[in-house]
Amino acid sequence: MLHELLLALLGFTGDFVIDEREKLEEEDEDGDCPVGPTFRLAPDLSFVDPSQRSAIERLVQLGFYYRELNCFATKSRNLSWVQSSREIPVPIPQPEKRRGSVYRRAIANGIVEILSVYRAAVLKVEQNLLSEPVPILATVTQGLHKFEVLLPPLYELIAEMEKKDIRGGQLLNLLHERCHCGVPELQSCIQRLLWHGHQVMYNQLASWMVYGVLQDPYSEFFIQRQDRQERESEKSSADVEKTVHKSADGAALSIDWHSGYHISLDMLPEYIQMPVAQSILFAGKAVRVLRNPSSGFQLKDDSSNQNSGPKGVFFGFHGSMKDLSDEFGLVVQELLPQSEAEKIDTMLQELKVSTEFHKRLFESAVSSIRTIAATHLWQLVVVRANLNGHLKALKDYFLLAKGDFFQCFLEESRQLMRLPPRQSTAQADLMVPFQLAALKTIGEEDKYFSRVSLRMSSFGGTNTAVAQKEIAAKSLVVSSLQRNTDSAELALDGWDGISLEYSVEWPLQLFFTQEVISKYRKVFQYLIRLKRTQMELERSWGAVIQQDHADFCTHRRNRDSTPVSVLRRRRHQPMWRVREHMIFLIRNLQYYIQVDVIESQWNVLQTHVQESHDFTELVGFHQEYLMALISQSFLDIGSLSRILDSIMKLCLHFCWSLEQQESTSSLSELERITEEFNKKSNSLYTILRSSQIAGSQRAPYLRQFLMRLNFNKFFEDTARGVISVEKQRT
């Protein structure tokens, strides 16, 4: 009986201790297995009195728990996941129940440790019973009583894991919750299991944050690759990226950076905060970038590009493959020095060897690792890739800082833009004046102009049938200056689609995303229309002066009493007053945007670029810079944006109508444009001076703009007059 009892305590049943599971499973038609212990004393043992039976059955329950825990550990530690002979055979095993788990394997290792202590305790009980005559039940109970508070909760733990298929970060959460109990022995056991789970997590963190490799075969880590379906949806954006970024290799790395990895909230332990998880995600992606540079990346800066021959790694390398691999290794070594990688690994190893999880130390280590990764990524993007030069190029071309180039371009393309654009050749037609302007104004020392390309975005994805109808309608107004205003508006709207593209290479795709380029493009389209409007208003004045000189010469030759120019000037004097109002508003708006907004925000950005050595901070500063440009230019306010759009259209129509000076319909059209312009300009001034805009902090230099507009109270008095007239009409 002694050895039967000891064997039962190790999970082996026989004639003395039986397992009722088989009998209960045969009687249970539903197949629901009992969740409690099923080890019992054989009912035919008549020589065991009830008190002894109760004590023995309480003891053999430990054997049941031991067997179940041992079966779980054996199954979880078996990498082949071979089906046990004790399991009921099923024709098709469910894949979700058979998938592996490195976290379960780690917990199983911890359970094996606990079970080894239990086996040692049973062995010691056996030795004590055989060495001297002592009461059997009292000795067994005294030797194993502490396991009565350990094995049942552990069995409940694995039962819940099996039932709910808990793995990964969810398993860490479960263990972390069970740690908070009032039994010190049980708390220390579960903490040991949690330590084993954390060993897996630290190994995954080391692989991710030291080497940039995601070691997660069963999707249990809280950093995961994007799902295949979601990545399929990213293919369209990938095609767009390739049009913006020069190499497909760099575009793939850019997509991998922006949408290749994400935080799985299901697998994120509750005691790791989201900002900490985001820092881990960023650090791993940064290390991945630093350890896997694009094959087209040249180590030397653009500024040091000499004709002496390339020394970095790039396509067209003429050395041997060994030289290429050695050179590539040097690039990686310089981007992320081995000493820094060892420093990161040391911090993670210090956390790994600790017996308990210290939240504050963990967060501090993650913050330090993130700082290291961000600093080296900043060094790569800002210093090696010459970020500031590209920012200056975007300012020159997208924000019209190279005013002479765009002045020349608009002059060269003026006659072309007087006609409606043709869908098939509009972009090619514009390339001629674009290249002419470049030849006249862009020097050879400007190495960024080759990255800029012209594009007509309005024709990119339009419906073909609708586009053909628009082209057919516009072909009827070839002489748009002699037709109605609607035709001119069609021509204007067509050329509003002018935009720029900027080609960037690795690693600048990490900074200049498609979203960033689209914001630059939005500001550019607004500024180029404003510049075009200003030039047309100025050219209309020059045309009138030239006509006056011609009329004066005719008058001197013919010796007329009243020159034609005097009569024309008297007739159009009100119109020239309106033109002065238009050019005054447009010039002040230009000055406000170019000087008060763009230049001031550019100086702020340059200060941040010089002072910051953190990549993520720099990305945030650049986003603030773009948002400030858009908000302070009122492009994010629909009502103001529509008013400004209408004002520019009215100014262009006014200039074109002025050329039809002898037409009665033209004079009536000018009067209509004048009235509409007065309404729109007064509405603009009224909205800008409202407390919601002028009183807010979104446009710090708006008051100066309003002061320049209303320096003589003209706009304020006119706005009051328009409001009073509107009230009288209503």
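Before I show you anything, one term: a residue is called buried when its relative accessible area is under 20%, and exposed when that value is over 50%. Please keep in mind as well that what we are looking at is a predicted model.

Let me start with helix 25, whose buried residues are Phe-615, Leu-618, Phe-621, His-622, Tyr-625, Leu-626, Ala-628, Leu-629, Ile-630, Ser-631 and Gln-632. When you look at that list, it helps to remember that an α-helix has 3.6 residues a turn, so residues three or four places apart point the same way. How far apart should the ends of helix 25 be, given its 18 residues? At 1.5 Å a residue, helix 25, which covers residues 615-632, should span 26 Å, and its end C-alpha atoms are indeed 26 Å apart, so the two values agree. After this helix comes Phe-634, which has a positive phi, near 65°.

Now let us compare two residues from other helices. Asp-396 sits in helix 17, residues 387-398, and because its relative accessibility is 9%, it counts as buried. Leaving aside residues up to four places away in sequence, Asp-396 touches Ala-401, Lys-402 and Phe-406. Leu-439, on the other hand, belongs to helix 20, residues 426-441, and with a relative accessibility of 71% it counts as exposed. Together with Val-432 and Leu-436, Leu-439 makes a nonpolar surface patch of about 300 Å².

Finally, the beginning of the chain: UniProt, in an unreviewed entry, lists residues 1-15 as "signal peptide". In the model, this stretch, residues 1-15, is 53% helix and 0% strand, with its end C-alpha atoms 10 Å apart.

Key: Residues are numbered from 1 along each chain as its sequence is written. This is a predicted model: local features need pLDDT of at least 70, side-chain atom pairs count only at pLDDT 80 or more; totals for chains, interfaces and linings use all residues. Side-chain values use heavy atoms; hydrogens and water are left out. Helices (H or I, at least four residues) and strands (E, at least two) are DSSP runs, numbered from the N terminus. Buried means under 20% relative accessible area, exposed over 50%, partly exposed in between (1.4 Å probe, protein chains only). Contact means heavy atoms within 4.5 Å. Patches are made of residues with over 30% relative accessible area and no salt bridge: like charges are joined within 9 Å, nonpolar side chains (Val, Leu, Ile, Met, Phe, Trp, Tyr) within 5 Å. Accessible areas come from the Shrake-Rupley method with a 1.4 Å probe; for residues, only the protein chains shown count as cover. A salt bridge is a side-chain nitrogen of Lys or Arg within 4 Å of a carboxyl oxygen of Asp or Glu. UniProt positions are given in the numbering used here, feature names are shortened, and annotations may be inferred rather than shown by experiment. The expected span of a helix is 1.5 Å times one less than its number of residues.
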